[in-house]
Amino acid sequence: MKLAFFTVLLASTAWALPKSASVPAIGRNLAFDSPMINHPYLAVKKTTKPKIASFAAIPLVAPAKFLHGVASGDPLSNAVILWTKVNSTDPEVDVTYQLSTNQQFTDSVARGTVSTTADVDFTVKVDVTGLQPATTYYYRFTAGPLANPTVSPIGRTHTIPTATTALANYRLAVFSCSNLPAGYFNSYGSVAKRDDIDLVLHLGDYIYEYPNGAYGDGTAMGRIPAPNVQLNTLSDYRTRHAQYKQDVDLMAAHAKFPFVTVWDDHEFEDDAWTGGSEGDDKNKLPGQPWAPRKLAAMTAYFQYMPIRAALIDGVGKIYRNFQIGDLLDLTMLDTRMAGRDDTDVWNPWTIASETRTIMGFPQEAWFNQQLSTSQARGAKWRIVGQQVTFSPVRLLDDTVIILHDSWDDYPANRRRILQYIQSANITNTVILTGDIHASLVFNVLEDPYDSSLYNKATGAGSQLVEFVGPSVTSSGPGAVAMAGFRLTQPHLQWGNGVNHGYMIVTVAVDKVTTEYHHFDTVTSPLAKAVESIAGTFETASGSARITSSVTS
């Protein structure tokens, strides 16, 4: 593997327990929980098994294996989610996790045992609490007899600082849109080699739902999606997630850094929204909030991702907020499933409706409150992670929408957000976006096409900035389309619609700097690809616009 700590060092990191150690009590595996806290009936009921008196007395039918690596996510100042998956033919497997401040595990900070079964595809997800803020930890899992357990790869994670900690800088790696048959995940592998990242963000389209050839052909690279069908059932979605978790570059990134993730449409189906999707019949199960296919996709996502279900006003949602020192608030939005009205509407009267929403009104109210709370507590920056392009992208004097699957299709919702930012005196807001498979840098305001409201030369009139990240592998709009964008969008500071890659976003007290890292190819693995920094952009504190740019 790419990382020294990522291999199982049985000689130096053996599971150091005395032979007489007792079997630990079975704790809580979050993989069995409902993905929506306020809908507990969606929890998975575990199939019972015969009581086992001792691990050593009854060996496994076949040795357990950890073939999907390890992952951590949603770090707090005192807690973090740990994840793995066990491969076993046993009906039930007890898995022990251990946290330490060193790779040799000479000091055990936290330890516990949970049970997993085929009911949750043998996934394991635990919320480890009682940790120290701003601290690096190493973790691993074991399964099997205490005297001779199978040991997982070792992972590394990090808790965030407390909200009152004075913080000089914080660095994010930002990904989106990783389509397995379209190429190698060089972006993940590159970031896994770094030691200067505090947190990884994934802004959606972590998996894709298509069979091979429908959107990328991975035959020549040996990257054929599994199962090779259009995903529809819980088994389908689980199998695809499991395949992704075996990609060596993604495994390395997950093992090296904690992730904070949100879904977009392809974790479900193209152009998904609250009530349906491109190919869904939009029928819902009686008394349940999701159509069967969406529920299957959501269940698989929560079982396979290191994410905790958020409890917001009594409603389980994926949108959530992280207070990271006195420097920033990281707010992750859900512009896909929480309350989005029908996608890709072309009727101008419907689009213009004041009640049309991409967030849902509860999330909108929550977001406004997060912005105000962040400003009031003195955080220097408000960093917003979300899925689809927020900035207007229109033609013919702001009359023709180019990107219907974006905030342009929900202008009233965007207008309300921008009006709130202005009326509440919210400063230093930066939006991070995925979805469109292109690198774009915007000064943001409601109508950048009106020269009386926006000065293209100086950026005066801008309320905030948006950095749209390139895809990991998914195909982009291309050079010709991007040339058209750059000619017709006065607020677009730079764009690239060809190259794949990722963003490195460094938040400092006086500025936010975003580097666009691009690769010359994703059809060859990382060792044969050339990486470069295509552009570096800064927004100075208090400016609400791009104040510095360097492009190659």
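Here are four short exercises, with worked solutions, on the predicted model above.

**Exercise 1. An aromatic pair across the chain**

Task: Classify the ring pair of Phe185 and Tyr244, then find where each residue sits and whether each is buried or exposed.

Solution:
- Start with the geometry: the ring centres of Phe185 and Tyr244 lie 5.7 Å apart, and the planes meet at 45 degrees.
- Pairs need centres within 6.5 Å, and planes under 30 degrees apart would be stacked while those over 60 would be edge-to-face, so the remaining class is tilted. Phe185 and Tyr244 therefore form a tilted pair, and the structure holds 19 aromatic pairs.
- Now place the partners: Phe185 belongs to the loop between strand S9 (169-175) and helix H1 (186-192), whereas Tyr244 is in helix H2 (residues 234-244). With their positions 59 residues apart, the pair links distant parts of the chain.
- Finally, check accessibility against the cut-off for buried, under 20%. Phe185 has a relative accessible area of 0% and is buried; Tyr244, at 1%, is buried too.

**Exercise 2. A second pair, between strands**

Task: Work out the class of the Trp494 and Phe537 pair and say which strands hold the two residues.

Solution:
- The centres of these rings, Trp494 and Phe537, are 5.2 Å apart and the planes are at 40 degrees, so this pair is tilted.
- Trp494 lies in strand S22 (residues 492-496) and Phe537 in strand S25 (residues 531-540), so parts 43 residues apart in sequence are tied together.
- As for accessibility, Trp494 and Phe537 are both buried.

**Exercise 3. The surroundings of Phe185**

Task: Find which aromatic cluster contains Phe185 and which arginine lies over its face.

Solution:
- One aromatic cluster is formed by Phe175, Phe185, Tyr188, Tyr206, Tyr244, Tyr502 and Phe519.
- Over the face of Phe185 lies Arg223, at 4.8 Å from the ring centre.
- Elsewhere, Arg140 lies over the face of Phe105, at 3.9 Å from the ring centre.

**Exercise 4. Strand S16 and its partners**

Task: Determine how many residues of S16 are buried, and which strands pair with S16.

Solution:
- Count first: six of the six residues in strand S16 (residues 381-386) are buried.
- Then sort them by side: Trp381, Ile383 and Gly385 are buried on one face, and Arg382, Val384 and Gln386 on the other.
- Next come the partners. Strand S15 (residues 328-332) pairs with S16 in the parallel sense over five bridges, with Asp329 bridged to Arg382.
- Strand S19 (residues 429-433) also runs parallel to S16, joined by five bridges; here Gln386 stands opposite Thr433.

Technical notes:
Residues are numbered from 1 along each chain as its sequence is written. This is a predicted model: local features need pLDDT of at least 70, side-chain atom pairs count only at pLDDT 80 or more; totals for chains, interfaces and linings use all residues. Side-chain values use heavy atoms; hydrogens and water are left out. Rings of Phe, Tyr and Trp (its six-membered ring) pair if their centres lie within 6.5 Å; planes under 30 degrees apart count as stacked, over 60 as edge-to-face and the rest as tilted. Helices (H or I, at least four residues) and strands (E, at least two) are DSSP runs, numbered from the N terminus. Buried means under 20% relative accessible area, exposed over 50%, partly exposed in between (1.4 Å probe, protein chains only). A charge sits over a ring if NZ of Lys or CZ of Arg is within 6 Å of the ring centre and within 35 degrees of the ring normal. Two strands pair if DSSP finds at least two bridges between them.
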